Amino acid sequence: MTAGGAAYARPKMAACRQITSMETGKNTEDHLKAHKMKKKILRKQVRAQHTLMRHEGIECISHATQSLVIANAGLGNGMSRHQLHRIVDNYGVVETLLMPPNKPYSFVQYESTEEAKKAFDALNGKEVTLEDFDQNIVLYCNFVEKVFWKNSVPTSLPPDLKVIENIISSEEERKMLESIDWRGDENTQTGLPEICIPFLEKCLKQGYIKHKPDQLTVNQYEPGQGIPPHIDTHSAFEDEIISLSLGSEIVMDFKHPDGHTVAVMLPRRSLLVMTGESRYLWTHGITPRKYDVIQASELGQKVGTITADVRDLTLKRRETRTSFTFRKVRRSSCNCIYPSVCDSQKGQQRQAEPSFPHNEMEASELEQQYVHKVYEEIATHFSSTRHSPWPRVVEFLRSLPEGSIVADVGCGNGKYLGINRDLYMVGCDRSKNLVDICGEKDCQAFVCDALSVPIRSGSCDACISIAVIHHFSTAERRLAAIRELARLLKPGGTALIYVWAMEQEYKNQKSKYLKEKHGSKDKEEESSTGTSQRLLDDQKHDRSSQGSARSDRLLDDSEDKGCAAKPVADSRLPVHTNRTSFHSQDMLVPWHLKGGSKKKGAVVDEASLAGCKESQELSPVFHRYYHVFREGELEAACRSLDCVRILKNYYDQGNWCVVLEKL
């Protein structure tokens with residue numbers, strides 16, 4: 001190489017080294033970016049794992065399976081079923097696609113593990129654009145074992161609520177919308193416009209409504225707007241409230257005071273009719289959002305409730321909706337059967353409520369009026385709802401030796417007296433009418449008070465007291481009832497006691513009483529696990545049938561867990577709203593007597609009835625006294641007796657329970 005050539009080669013080599021250096025720097029920068037992105041994806045994956053465990057108790061796993069959970073691809077993020085199915089369908093045969101309502105994740109199960117692994121590699125960290133929202137999101141994937149999701153049970157409409165589809169024609173809808181003058185600030189008017197008269201007359205003629213309204217409120221809702229949850233003021237309007245949906249369908253949310261919610265689809269040109277419980281007790285509202293979660297199979301055309309079936313939910317974008325809401329102005333105070341939420345009755349209620357007893361005589365009178373008399377009146381109806389024995393009570397009875405003598409103190413209609421034919425069982429109850437029902441079943445039972453059972457001391461191998469002691473109105477009387485059970489037992493004999501619990505939500509689980517559906521009013525509400533929660537409007541948690549054997553429950557509102565409860569400063573007994581959590585240990589619980597169940601010729605005492613005249617004629621409402629036990633209270637009462645020891649104590653679907661042994 002010549003000197004000139006060497007001189008030329010040096011800058012060329014230097015340039016090559018510079019280019020190589022630049023490329024190396026760029027590669028290093030790209031590598032760092034890729035490393036940071038990988039760490040970010042891993043961090044997001046771990047966060048998604050924690051979210052899934054917290055929400056569903058489902059654990060993600062490190063090895064590949066057929067099932068993936070995809071974070072940020074949920075209905076709660078705005079991902080529709082149609083779009084997600086298109087995305088995941090690219091990588092194999094999708095066997096199942098589960099989209100839980102309002103959650104930020106979805107589950108997909110492929111036909112093979114290889115297909116799931118292919119989807120994982122392609123989708124983890126992938127950015128996609130939500131079709132309906134023009135918004136970018138990043139997907140994060142994890143493997144899970146096969147996901148088992150409980151089959152959703154169709155939800156019933158709230159009681160006394162109706163949705164009538166296609167109540168008007170498209171032409172009638174157009175005319176009603178064109179008739180609105182939006183220039184005024186007031187959208188509520190007394191008196192009805194002419195265009196609404198034919199529609200209302202049709203509703204009256206068809207029997208959809210009973211009374212012609214005299215007030216109209218018109219509202220227009222754009223996507224993203226809503227209505228706060230509320231109950232129309234009792235004192236302002238009569239029972240029927242009706243709402244006509246024009247321009248678009250909408251999902252309206254109804255909520256019972258116990259927290260139970262029902263999402264109801266109101267199709268375009270449908271009529272919503274709220275009466276009775278749905279009007280007076282449930283709140284209704286529309287969540288402010290731009291889309292609704294609906295049934296995918298019918299895309300918004302379904303009338304009725306939105307069932308939370310994770311295999312059949314998707315999103316539907318909202319459109320402008322106009323509502324015509326008709327009401328009838330009330331001219332007198334409201335006298336409904338829901339005093340706890342009635343503004344007309346809140347001031348009057350206190351005068352009608354009995355007080356906490358301050359001595360033995362007052363306690364006895366309270367129990368006579370609000371326990372014994374009530375069970376005599378409702379015995380037939382009460383018995384018709386009490387025929388399913390609670391499993392753990394049955395287990396106790398079947399564990400006893402053959403030939404054991406067993407007393408059921410507070411036997412009610414005798415549903416436990418024939419459980420184990422190898423036992424000699426005898427029942428007793430304070431209600432003569434319930435004891436008569438036992439006789440009709442060829443069961444041995446007699447009338448007596450649970451505080452004084454005419455059975456020889458130490459003659460029983462076992463006793464049961466199921467849902468009885470919570471009807472006694474002082475701590476002393478409750479303790480006396482437990483002592484009487486112990487007196488009947490032989491040494492070594494055992495007693496099973498159930499009482500209603502203050503804690504209807506225990507270890508993050510709601511009891512059957514709070515969770516039970518609100519639809520089947522004529523069905524028995526006893527839970528299969530041991531809680532008798534009735535579904536009749538009034539849902540009395542009276543459990544198994546011991547209407548009478550108990551002299552009845554005590555009224556303390558104790559904060560401590562002992563059996564001696566301290567009375568609260570306000571001595572009036574509140575009226576409980578059924579299917580809600582308890583706010584007081586001592587209360588009156590309503591029972592709605594169904595027609596024809598009342599004892600013939602019986603006189604209904606006004607002091608134990610509540611409700612308007614019409615309601616009383618059709619379905620009298622009785623009030624029963626209850627003392628619900630706090631955790632530890634029943635055990636403390638038992639331990640105060642030196643003649644027994646606790647073998648077992650447990651919580652069974654809304655009840656505190658103990659098994660005692662006579663020393």
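In this predicted model, M274 touches a set of residues from beyond its local stretch of chain: leaving aside its neighbours within four places in sequence, M274 is in contact with D160, L161, D239, E240, I241, F254, R279 and H284. M274 itself lies in strand β15, which covers residues 271–274. With a relative accessibility of 3%, M274 counts as buried, because the cut-off for that class is under 20%. One of its contacts, H284, is ten residues away along the chain, and the C-alpha atoms of M274 and H284 are separated by 10.0 Å.

Another of the contacts of M274 is D160. D160 sits in the loop between β7 (140–144) and β8 (161–164). Its relative accessible area is 35%, so D160 is classed as partly exposed. D160 also has a positive phi of about 70°, although it is not a glycine. Most residues other than glycine have a negative phi. Q653 is a further case of a positive phi in a residue other than glycine, with a value near 45°. Q653 is placed in the loop between β30 (644–651) and β31 (655–662).

**The second largest cavity**

Rolling a probe the size of a water molecule over the atoms shows where empty space is left. How many cavities of 30 Å³ or more does a search of the whole structure find? The search finds four. The second largest cavity has a volume of about 70 Å³. Its lining is made up of I209, H211, P213, E238, E240, I241, I242, F326, R327 and K328. Two elements give two or more residues to this lining, namely β12 (237–246) and β20 (321–329). Of the elements, β12 gives the most, with four residues. By class, the lining holds five nonpolar, one polar and four charged residues. E240 and I241 belong to this lining, and E240 and I241 are also among the contacts of M274.

**The loop after β20**

C342 is located in the loop between β20 and α7 (346–352). C342 is buried, with a relative accessible area of 0%. Apart from its neighbours within four places in sequence, C342 is in contact with H234, C334 and C336. C342 and T233 are 109 residues apart in sequence, yet their C-alpha atoms are 7.9 Å apart in space.

**Helices α8 and α10**

Two packed helices are described by the angle between their axes and the distance between the axes. For helix α8 (residues 360–384) and helix α10 (residues 432–440), the axes come within 7 Å and cross at roughly 35°. On the α8 side, the residues that take part are Y375, E376, A379, T380, F382 and S383, and these meet K432, N433, L434 and I437 in α10. The residues of this contact divide into five nonpolar, three polar and two charged.

**Q585 and H623**

Where is Q585 placed? Q585 is in the loop between α12 (512–515) and β28 (586–592). Q585 has a relative accessible area of 0% and is therefore buried. The side chain of Q585 makes a polar contact with the side chain of E633, at 2.8 Å.

H623 is found in strand β29 (residues 621–627). H623 is buried as well, with a relative accessible area of 7%. The C-alpha atoms of H623 and V589 lie 5.3 Å apart in space, while the two residues are 34 residues apart in sequence.

The C-alpha separations given in the text are collected below.

| Residue pair | Separation in sequence | C-alpha to C-alpha distance |
|---|---|---|
| M274 and H284 | ten residues | 10.0 Å |
| H623 and V589 | 34 residues | 5.3 Å |
| C342 and T233 | 109 residues | 7.9 Å |

**The protein as a whole**

The protein has 14 helices and 31 strands. Of its 663 residues, 53% count as buried. Among contacts in the protein with a separation of 6 or more, residues 24 or more positions apart account for 75%. The pair C342 and T233, at 109 residues apart in sequence, and the pair H623 and V589, at 34 residues apart, give two examples of C-alpha distances across such separations.

Key
Residues numbered from 1 in each chain as written. Predicted model: local features only at pLDDT ≥ 70, side-chain atom pairs only at ≥ 80, totals over all residues. Heavy atoms only, no water. Buried < 20%, exposed > 50% of the residue type's maximum accessible area, 1.4 Å probe, protein only. Polar contact = N/O pair within 3.5 Å; in protein donor to acceptor, adjacent residues only side chain to side chain. 1 Å grid on protein atoms, 1.4 Å probe; cavity = no way out; pocket = protein on both sides within 12 Å on 5 of 7 lines; lining within 4 Å. Points joined across faces, edges and corners; volume = space filled by probe spheres on them. Nonpolar A, V, L, I, M, F, W, Y, C, P; charged D, E, K, R; others polar. Axes fitted to C-alpha atoms, helices over the stretch in contact; angles between N-to-C directions. Contact = heavy atoms within 4.5 Å.
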